[in-house]
Amino acid sequence: MGSNHGCSANEIFEGQIHLYKHLYAHVLDSMSLKWMIELGIPDIIHNHHQPITLPELASTLQIPLTKVRGVQSLLRYLAHCGFLQIVRIHHHTEEKEAYALTAASQLLLKGSDLSLAPMVELLTKPHAVHAWSQLKKWTYEDDLTLFDVSLGSNLWDFLGKNPENNKLFNESMASDSQMMNLALRGCNWVFEGVESIVDVGGGTGTTARAICDAFPNVKCTVFDRPQVVENLSGTNNLRYVGGDMFESIPKADAVLLKLILHDWNDNDGKKILENCKEAISDKGKRGRVILIETVINEGQDEHGLTGLKLAMDVRMTCLLNGKERSEEEWKKLFMDAGFQSYKIYPLTGYLSLIEIYP
Ligand code: SAH
């Protein structure tokens with residue numbers, strides 16, 4: 001018998017299952033979502049107003065007979081992963097199997113307010129997927145990010161030169177920010193005494209619009225790279241300003257940064273926060289910086305949520321030279337940038353709201 005490294009045969013068989021699960025799921029988990037959206041399956045089920053059977057779906061999509069079994073295989077896998085629910089429906093005297101949407105796949109409806117379909121499209125683009133096959137090269141390229149290695153430039157320069165990718169990137173981030181309509185509803189206290197706010201790296205203004213809707217007395221400025229905000233027009237309490245957050249940030253009572261600092265390492269993060277501090281420097285007690293970010297908390301979060309946060313950390317670290325941070329790491333960054341104190345509140349399932357005070 002060869003060496004089993006001290007493992008029993010059963011442990012080795014379990015190991016094989018564990019490894020194959022990862023290996024098989026790796027592409028399939030994201031590509032099956034891409035497939036589902038490209039075929040418009042969530043919308044078809046939604047518009048059907050009741051769970052849909054396989055023959056009904058196949059007929060709506062005009063699927064060749066030879067592929068119906070393949071479609072069923074994909075649907076069963078998606079159901080196993082929680083993106084469909086398989087239910088039994090009664091039709092005359094017959095009982096049939098049918099597919100219904102779940103909370104997760106409702107987020108894949110194309111036109112809906114909370115649709116994350118653009119995020120799926122962005123992350124499953126061939127160039128985005130291909131980048132990950134270059135991890136070894138990235139490891140040995142001193143100062144280069146995975147984007148540098150795979151796209152030949154950093155993300156922001158790439159987006160600056162590729163209007164179509166820039167548009168999809170902005171739409172994806174906007175889709176993530178739609179959740180702010182739900183999340184900020186219960187957060188009146190955050191905006192107490194705040195008359196003006198600047199959303200730094202605010203993209204096309206989705207979060208700012210959520211704030212304007214919920215708090216009509218707050219004047220919002222969306223500040224982002226000129227390529228992102230040019231051609232966008234504001235309203236009476238929302239304006240767009242193009243610029244570079246490493247140079248200076250427009251003055252306001254409060255500065256908001258949603259999913260910005262995780263794009264940057266601690267040196268860059270410190271510079272951005274120092275510019276935020278400058279932007280609120282004459283506001284006295286009203287002045288504050290509000291972050292919407294992830295806080296890694298392995299001791300408290302359930303295993304799956306930690307998995308998401310650690311995967312985000314790998315993405316941010318490799319692709320951008322950024323990072324996801326634990327509370328300790330956040331605290332150090334705030335203190336290094338000259339802030340005195342901070343408070344962390346839960347906001348959505350994976351994001352926290354952090355208030356920092358000068
Ligand atoms: N806050 C938005 C977008 C986050 S993505 C949201 O959560 O939906 C990061 C944003 O930072 C992008 O919109 C990008 O254009 C912007 N950004 C990157 N570098 C910047 C810079 N130097 N100055 C201002 N904005 C910048």
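Me: Which residues are linked with Glu 195 in a network of salt bridges?
Reply: This is a predicted model. A search of the whole structure finds 17 salt bridges. Some of them join up into a network that holds Glu 195. Its partners there are Asp 253, Lys 283 and Arg 286.

Me: How far apart are the closest N and O atoms of Asp 266 and Lys 323?
Reply: Asp 266 belongs to helix 15, residues 266-279. Lys 323 sits in the loop between helix 16 (303-320) and strand 9 (325-326), so the pair links distant parts of the chain, 57 residues apart. A salt bridge needs a nitrogen within 4 Å of a carboxyl oxygen. For this pair the closest N and O atoms are separated by 3.0 Å.

Me: Is Asp 266 buried, partly exposed or exposed?
Reply: Buried means under 20% relative accessible area, and exposed means over 50%. Asp 266 has 34% relative accessibility. That value lies between the two limits, so Asp 266 counts as partly exposed.

Me: What separates Asp 336 and Lys 332 along helix 17?
Reply: Their side chains meet in a salt bridge, 2.8 Å from N to O. Both residues belong to helix 17, residues 327-336. They are four residues apart, which means a separation of about one helical turn.

Me: Which residue of this pair counts as exposed, Asp 336 or Lys 332?
Reply: The cut-off for exposed is over 50% relative accessible area. Asp 336 has 39%, so it is partly exposed. At 53%, the exposed residue is Lys 332.

Me: Is Glu 141 buried, partly exposed or exposed?
Reply: Glu 141 meets Lys 137 in a salt bridge, with 3.9 Å from N to O. Lys 137 has 44% relative accessibility and counts as partly exposed. Glu 141 has 28% relative accessibility, so it counts as partly exposed.

Me: Which residues come nearest to the ligand?
Reply: The ligand has 18 residues around it. They divide into nine nonpolar, four polar and five charged. The nearest are Ser 177, Gly 201, Asp 224, Arg 225 and Lys 258.

Me: How far is an N or O atom in the side chain of Ser 177 from an oxygen atom of the ligand?
Reply: The ligand also has polar neighbours in the backbone. A polar backbone atom of Met 173 lies 3.2 Å from a ligand oxygen. A backbone N or O atom of Lys 258 is 2.8 Å from a ligand nitrogen. For the side chain of Ser 177, the distance to a ligand oxygen is 2.6 Å.

Me: How much of the ligand's accessible area does the protein cover?
Reply: On its own, the ligand has 570 Å² of accessible area. The protein covers 95% of that area.

Me: Which helix gives the most residues to the shell around the ligand?
Reply: The top contributor gives three residues to the shell. This element spans residues 163-177. It is helix 11.

Me: With which side chain does Asn 166 make a polar contact?
Reply: Asn 166 is placed in helix 11. At 8% relative accessibility, Asn 166 counts as buried. Its side chain makes a polar contact of 3.4 Å. The partner is the side chain of Arg 225.

Me: Which residues form a nonpolar patch on the surface with Tyr 20?
Reply: Tyr 20 lies in helix 1, residues 9-38. With a relative accessible area of 40%, Tyr 20 is partly exposed. The patch has about 460 Å² of accessible area together. Tyr 20 shares it with Leu 19, Leu 23 and Tyr 24.

Note on methods
Residues are numbered from 1 along each chain as its sequence is written. This is a predicted model: local features need pLDDT of at least 70, side-chain atom pairs count only at pLDDT 80 or more; totals for chains, interfaces and linings use all residues. Side-chain values use heavy atoms; hydrogens and water are left out. Buried means under 20% relative accessible area, exposed over 50%, partly exposed in between (1.4 Å probe, protein chains only). Helices (H or I, at least four residues) and strands (E, at least two) are DSSP runs, numbered from the N terminus. A residue is near a molecule or strand if one of its heavy atoms lies within 4 Å of it. A polar contact is a pair of N or O atoms within 3.5 Å; within protein, one must be able to donate a hydrogen and the other to accept it, and residues adjacent in sequence count only if both atoms are side-chain atoms. Accessible areas come from the Shrake-Rupley method with a 1.4 Å probe; for residues, only the protein chains shown count as cover. Ala, Val, Leu, Ile, Met, Phe, Trp, Tyr, Cys and Pro count as nonpolar, Asp, Glu, Lys and Arg as charged, and the others, Gly among them, as polar. Patches are made of residues with over 30% relative accessible area and no salt bridge: like charges are joined within 9 Å, nonpolar side chains (Val, Leu, Ile, Met, Phe, Trp, Tyr) within 5 Å.
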